[in-house]
Amino acid sequence: MNVRLYVWQRLTAAVIAPLVLVHVVVIFYATRKGLSAADILARTRGSLTWASFYGVFVVAAAIHATIGVRNVLTEWSPLRDRGAGLLASGFGVLLFLLGARAVVAVVLP
Amino acid sequence: MTLRHLRHRHSALWLAALAHRLSGLALAVFLPLHFLTLGLAIRGEAPLESFLRWSDQPLVKLAESALIFLLMLHMFGGLRLLVIENLSWRDGQKQAATIVAGVSAAIAFFLLARMF
Amino acid sequence: MSLWRGGEKGRYETYKVPLRENQTVLDVVTFVQRHLDPTLSYRFACRVGMCGSCAMTVNGRPRWTCRTHVSRVATRGQLEIGPLENLPVIKDLTTDMRPFFEKWQQAKGAFVPSQTRGDEIERIRPDSPARIAADAAIECINCAICYAACDTVRWNSDYLGPAALNRAWTLVNDVRDGATSERLQAVAASGGCHACHSHQSCQELCPQQLNPTASIAGLKRRTMWAYLKGEI
């Protein structure tokens, strides 16, 4: 990992950490009487706040996971920097697309 | 020179780094599935609701709290690293890593107790 | 005791040596060479913990053998001694240290003077923060114990390793040095300080009680700010 990847990795980590805390608080709140799709969607549909919250979360998590997976591949697989970077980027794009789709699914009215 | 000879791997901080990596990998595998299930709502409330009712099984709840444990372990463990990398050095990292694991387990257990 | 014999594809062979009081691991290796098998190869020089040439793997841990007492490390009267990990084995207990020292050079581990002998001697306050940081990391004896104990080195052959990066950190904190930005650039590349996972095995096993992990964390910080400011 060079300094550029390091900065992105740690920057996204710093962004994600507070989001994870909020996410966990919401999980505790949402499970107080069992999860229900109606409850979840009532909270998220049409909400710009939740749209941006989960939007930032997905983007930061996709970048963070891409760099993390790349680092694991360079150390624990025969792939070198280039191959590991390509494979991890493919995974990151998939993660971003699925995440963006999920955000759209829960926030669009 | 087999692996069993590498005694430095018994260290708490070596295990903390391993736990950080494995929890990160597990979360990376889980995230696409998480996004796919939330994406069910793209066709309305009903598909998501039927998935959530499927997820009421005890085994799924157990898996969910295990994921919360991994998420907490990865987050608090990562915060520990951000602190030593960005602020001046402090000793006692083994204790800090142990506290990270303990707090993560407590939060996950609390969630498990709440869901049942 | 069992000793590694042969090259990379060698094996452990067993020897019986007398147990004496106040005996170091280096003493018993020497006993084998003097009395049991003169073809045994190993490396040492000063025998008093200054030169850093006698490090070996003793019962699974890299140690400086001249300052390690047998009574402290033997389990049930047994010792297993091998060459250092993460370095090519030449023969028996000697490793090829070239990759280790080449990485010192890659990390710009040599002092680059910024003044000439005609200039006045630079005054450095011992209590200045930079000097305190350099002093904390300066006593390295190049024994490669940290390098052998580091799994990041094992998993990433480009990684410069704890000793080279620790050395770079002392020079980054030396106000007389004139190559800070080149050095920061060298340690900020792939295989540099950012590959470190803070396992702290280097700190745990350093015979000089240095903390390379802290030095590397310092480099991570310095290079990050230099990068964000566009200096490297």
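The following paragraphs lead through a predicted model, from chain B and its contact with chain A to the cores and the two domains of chain C.

Chain B offers a simple starting point. Its secondary structure consists of 4 helices and 0 strands, and read from the N terminus the order of elements is α-α-α-α. The overall dimensions can be described in two ways. Along the principal axes, the C-alpha atoms of chain B fill a box of roughly 55 × 35 × 25 Å. The radius of gyration of chain B is 18 Å, whereas a compact globule of 116 residues would have a value near 13 Å. Of the 116 residues in this chain, 32% count as buried. Contacts within chain B can also be sorted by separation in sequence: among those between residues at least 6 apart, 79% join residues at least 24 apart.

Chain B also meets chain A. In this interface, 25 residues of chain B are in contact with 28 residues of chain A. Which helices of chain B supply at least two residues each to the side that touches chain A? Helix H1 (12–38), helix H2 (45–54), helix H3 (58–86) and helix H4 (93–115) each do so. H1(B) provides the largest share of that side, with 9 residues. Sorted by class, the side of chain B that touches chain A has 18 nonpolar, 3 polar and 4 charged residues.

Attention now turns to chain C, which is divided into domain 1 (2–95) and domain 2 (98–228). The centres of these two domains of chain C, taken over C-alpha atoms, are separated by 29 Å. Their contact takes 15 residues from domain 1 of chain C and 15 residues from domain 2 of chain C. On the side of domain 1 that touches domain 2, strand E3 (55–58) and strand E4 (61–64) of chain C each supply at least two residues. E4(C) gives the most to this side, with 4 residues. The residues of this side of domain 1 of chain C divide into 7 nonpolar, 4 polar and 4 charged.

The nonpolar cores complete the picture. The largest has 64 residues, and those with the most contacts inside it include C:Ile81, C:Ala144 and C:Ile145. Helix H7 (residues 162–172) of chain C contributes the largest share of this core, 7 residues. Domain 1 and domain 2 of chain C each give at least three residues to this core. Apart from it lies another core, of 46 residues, among them A:Leu73, A:Val106, B:Leu40 and B:Ile68.

How values were computed: Residues are numbered from 1 along each chain as its sequence is written. Chains are lettered from A and ligands numbered from 1 in the order in which they are written. This is a predicted model: local features need pLDDT of at least 70, side-chain atom pairs count only at pLDDT 80 or more; totals for chains, interfaces and linings use all residues. The radius of gyration is taken over C-alpha atoms; the globule rule is 2.2 Å times the number of residues to the power 0.38. A residue is buried if 20 or more other C-beta atoms lie within 10 Å of its own, exposed if 12 or fewer, and partly exposed in between; C-beta atoms are placed from the backbone. Two residues are in contact if their C-beta atoms, placed from the backbone, lie within 7 Å. Ala, Val, Leu, Ile, Met, Phe, Trp, Tyr, Cys and Pro count as nonpolar, Asp, Glu, Lys and Arg as charged, and the others, Gly among them, as polar. A nonpolar core is a set of buried Ala, Val, Leu, Ile, Met, Phe, Trp, Tyr and Cys residues joined through C-beta atoms within 7 Å. Domain bounds come from an automatic or database domain assignment.
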